[in-house]
Amino acid sequence: MTLGIIVQARMGSTRLPGKVMRLLNGKPLISHVVGRLIMLRNDAEIVVATGQGAEDEIIERWCRENNVKCFRGQEMDVLDRYYQCAKTYGFTDIVRLTADNPFTDVAELDRLIDVHRSGGYDYTHAFGHLPVGVGAEIFTFVALERSHREGLLPHHREHVNEYFVDRPELFLIGELDVSTAKTAPGLRLTVDTDDDLRRADALARHAAEIWLTTEEAITLCSSSA
């Protein structure tokens, strides 16, 4: 397995423009996303995949300054961006992360990779139980290639995983079991609005120099509700 983690990022968010460079506890949001991956047990190559627009040059510059690989592809056809990036780097399996999720649960991500590998799945995800923005997904290049070839509807091109969702009979799909302590599907730990950003900043400030766990985030958000 040649494992790649592709983090999609662009500046052109409609609801919160430039959010990937907004500051959480003094550091850009994307820095938190990529930085957490130092805890990953599985070996993986990390690539930030951004668009080709002029506004995305700041993302490429951040990658260059922080020794992170950067790939630039289609702005709106995110499925093609992933496919071309994975093809360029020769990944056999790809973890998909987004640059607006600063609290990815890396322990669960390691478990997800292990389950995906041991089960021989085409597509494996950790959604539905963890807080929104904490889970992840992984798929084989073969499955990505089929999605790229056959997933021609607009939502297939925009969201990468939509063809797996629409045509589950075509793929062997695995799902990660999640402990009760980390189950909080109604909690938003993604950043898509100003309220999300304020919540994420407060959590990042509480964590200071340590990485916030999912259990701690759930507890903190419950006590402040």
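The exercises below, each with a worked solution, concern a predicted model of one protein.

**Exercise 1. Overall build**

Describe the secondary structure content of the protein, and decide how its radius of gyration relates to that of a compact globule.

Solution. Begin with the inventory of elements: the protein contains nine helices and nine strands. Turn next to the extent of the C-alpha trace, which spans about 45 × 45 × 30 Å along its principal axes. For 225 residues, a compact globule would have a radius of gyration near 17 Å, and because the protein has 17 Å, the two agree. Of these 225 residues, buried ones make up 53%. Finally, consider the contacts between residues at least 6 apart in sequence, of which 68% join residues at least 24 apart.

**Exercise 2. Surface and charge**

State what share of the accessible surface belongs to carbon and sulfur atoms, and how far apart the mean positions of the positive and negative charges are.

Solution. The accessible surface of the protein comes to about 10300 Å², and carbon and sulfur atoms account for 50% of this area. For the charges, take the 25 positive and the 34 negative ones as two sets, and find the mean position of each; these two mean positions lie 2 Å apart.

**Exercise 3. The surroundings of strand β6**

Work out which strands pair with β6 (residues 93-98), in which sense they do so, and whether the residues of β6 are buried or exposed.

Solution. Start with strand β1 (residues 3-8), which pairs with β6 in the parallel sense over six bridges; in this pairing, L3 has D93 as its bridge partner. Then take strand β8, which runs antiparallel to β6 and is joined to it by four bridges. Two residue pairs fix the register here, since D93 is partnered by T140 of β8, while R96 is partnered by E137. D93 thus appears in both pairings, with L3 of β1 and with T140 of β8.

For burial, recall the general rule that side chains in a regular strand alternate between the two faces of the sheet. In β6, one side carries D93, V95 and L97 and the other carries I94, R96 and T98, and all of these residues are buried. Because six of the six residues of β6 are buried, the strand is largely enclosed by the rest of the structure.

**Exercise 4. Continuing to strand β8**

Identify which other strand pairs with β8, here β7 (residues 123-125), and determine which residues cover each face of β8.

Solution. Strand β7 and β8 pair in the antiparallel sense over three bridges, and within this pairing T124 stands opposite I138. As to the faces of β8 (residues 137-140), E137 and F139 lie on one side and I138 and T140 on the other, and all of them are buried.

**Exercise 5. Two residues with positive phi**

For N25 and V160, give the phi value, the place in the chain, and the degree of exposure.

Solution. The general background is that most residues other than glycine have a negative phi. N25, however, has a positive phi near 50°, and its place is the loop between β2 (23-24) and β3 (27-28). V160 likewise is not a glycine and has a positive phi of about 70°; this residue lies in the loop between α6 (154-159) and α7 (162-166). To classify exposure, use the cut-offs of under 20% for buried and over 50% for exposed. N25 counts as partly exposed because its relative accessible area is 28%, whereas V160, at 1%, is buried.

**Exercise 6. Three sites compared by burial and surroundings**

Classify V47, T183 and I210 as buried, partly exposed or exposed, and describe the contacts of V47 and T183.

Solution. V47 lies in strand β4 (residues 45-51) and counts as buried because its relative accessibility is 0%. Apart from neighbours within four places in sequence, its contacts include I5, I6, V7, F71 and F91.

T183 sits in the loop between β9 (173-175) and α8 and, with a relative accessible area of 32%, is partly exposed. Leaving aside neighbours within four places, T183 is in contact with H129, V178 and I218. The C-alpha atoms of T183 and P131 are separated by 6.8 Å, although the two residues are 52 apart along the chain.

I210 is found in the loop between α8 (194-207) and α9 (214-224), and its relative accessible area of 55% makes it exposed. Its C-alpha atom is separated by 9.9 Å from that of R36, a residue 174 places away along the chain.

Technical notes: Residues numbered from 1 in each chain as written. Predicted model: local features only at pLDDT ≥ 70, side-chain atom pairs only at ≥ 80, totals over all residues. Heavy atoms only, no water. Buried < 20%, exposed > 50% of the residue type's maximum accessible area, 1.4 Å probe, protein only. Pairing = 2+ DSSP bridges. Rg over C-alpha atoms; globule rule 2.2 N^0.38 Å. Contact = heavy atoms within 4.5 Å. Areas by Shrake-Rupley, 256 points an atom, 1.4 Å probe, with all protein chains shown as cover. Lys, Arg positive; Asp, Glu negative; His and termini not counted. Charge placed at Lys NZ, Arg CZ, Asp CG, Glu CD.
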